[in-house]
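Subject: Structure handover

Hi,

Here is the structure I promised to pass on. Please open it next to this email and follow along.

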Amino acid sequence: MIEIPSDLNPDLVPLAWLLGNWAGAGVTDFPGAEKANFGQEVSFTHDGRDFIEYRSYSWILDSEGNKVKPLETESGFWRIDKDRKVEVVMVRDDGVVEVWYGELADKKPQIDLATDAVARTAASGPYTGGKRLYGYVKGDLMWVGEKQTPEVPLRPYMSAQLKKVVTPEEVADMARNLGDLPDDGIAFFK
């Protein structure tokens, strides 16, 4: 279920489906790196201003699903304008800063993004741009990323399926607000 917080900046309502903490797993595969499964935690938060703050942590998983080593860390800020155009400023732990532009799909929670600008430090690896697709599918946050380098044309390199994380505080809030449910639980669905 998508909830719209009462203190969310009205400009951000079309992005409300992103809000929250998400966790899950995916696959990474790009020439020059070993194909691997990874785990990921993502948070989209707001403080009432006209942007959503984004943080992502991912790590390589072994064949049994245990954390092996860090993979990527990203953080940034997401905005949307009145025409449903989305802009993202993102920085990654490998020394890359990106500006992404795209738009929210019509009548569905899906965002297509492409890099408009890429800046790299001397320590970062080769990278010239990328694309990402984010979507809210049956309650899950799903995404796929594509990237290109001077040697490799644009191609998929990461994708993941993430589930909404519920904190103990959120469970307690849910429990406090159960007062209006019918006693038998069945009438609620009629």
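Below is what was found in it, topic by topic.

Please keep in mind that this is a predicted model.

**Overall build**

The chain has 1 helix and 10 strands. Along the sequence the pattern runs β-β-β-β-β-β-β-β-β-β-α. The chain has 190 residues, and 34% of them count as buried. Take the contacts between residues at least 6 apart in sequence: 38% of these join residues at least 24 apart.

**Nonpolar core**

In soluble globular proteins, nonpolar side chains tend to be buried together. Here the largest nonpolar core holds 34 residues. Phe44, Trp78 and Ile111 touch the most other members. Strand S10 supplies the largest share of this core, with 4 residues.

**Second largest pocket**

The volume of the second largest pocket is about 560 Å³. Its lining counts 23 residues, and the closest to the centre are Thr28, Ala33, Leu71, Glu72 and Lys147. Two elements give two or more residues to this lining: strand S4 (67-80) and strand S10 (155-164). S4 gives the most, with 4 residues. What is the lining made of, by class? It has 12 nonpolar, 4 polar and 7 charged residues.

**Salt bridges**

Side chains of opposite charge can pair when their charged atoms come close. The count for this model is 12 salt bridges.

Start with Asp11 and Lys82. Their side chains form a salt bridge, at 2.8 Å from N to O. This pair links distant parts of the chain, 71 residues apart. Asp11 is in the segment before strand S1 (20-28), while Lys82 is in the loop between S4 and strand S5 (85-92). Asp11 is partly exposed, because its relative accessibility is 33%. Lys82 has 72% relative accessibility, so it counts as exposed.

Now look at Arg92. Is Arg92 buried or exposed? Arg92 is buried, because its relative accessible area is 7%, under the 20% cut-off. Arg92 meets the side chain of Glu98 in a salt bridge, at 2.9 Å from N to O. Glu98 is buried too, with a relative accessible area of 0%. Arg92 also forms a salt bridge with Asp94, where the closest N and O atoms are 3.8 Å apart. Asp94 counts as partly exposed, at 33% relative accessibility.

These pairs belong to a network. Salt bridges with shared partners join Glu72, Glu74, Arg92, Asp94, Glu98 and Arg132. Glu72 also appears in the pocket, among the residues closest to the centre of the second largest pocket.

**Two backbone angles**

Two residues other than glycine have a positive phi, and they are worth finding on screen.

- Arg84: phi is near 70°. Arg84 sits in the loop between S4 and S5. It is partly exposed, because its relative accessibility is 28%.
- Lys138: phi is near 50°. Lys138 is in the loop between strand S8 (129-137) and strand S9 (140-148). Its relative accessibility is 83%, so Lys138 counts as exposed.

**For your first look**

Where should you find the residues that touch the most other members of the largest nonpolar core? Go to Phe44, Trp78 and Ile111. For the pocket, begin at S4, which gives the most residues to its lining. For the charged network, begin at Arg92, which pairs with Glu98 and with Asp94.

Best wishes

Note on methods:
Residues are numbered from 1 along each chain as its sequence is written. This is a predicted model: local features need pLDDT of at least 70, side-chain atom pairs count only at pLDDT 80 or more; totals for chains, interfaces and linings use all residues. Side-chain values use heavy atoms; hydrogens and water are left out. On a 1 Å grid over the protein atoms alone, a cavity is a set of points where a 1.4 Å probe fits but cannot get out, and a pocket is an open set with protein on both sides within 12 Å along at least five of seven lines; lining residues have an atom within 4 Å of a point. Grid points are joined across faces, edges and corners, and a volume is the space filled by probe spheres set on the points. Ala, Val, Leu, Ile, Met, Phe, Trp, Tyr, Cys and Pro count as nonpolar, Asp, Glu, Lys and Arg as charged, and the others, Gly among them, as polar. A nonpolar core is a set of buried Ala, Val, Leu, Ile, Met, Phe, Trp, Tyr and Cys residues joined through side-chain atoms within 4.5 Å. Buried means under 20% relative accessible area, exposed over 50%, partly exposed in between (1.4 Å probe, protein chains only). A salt bridge is a side-chain nitrogen of Lys or Arg within 4 Å of a carboxyl oxygen of Asp or Glu. Contact means heavy atoms within 4.5 Å.
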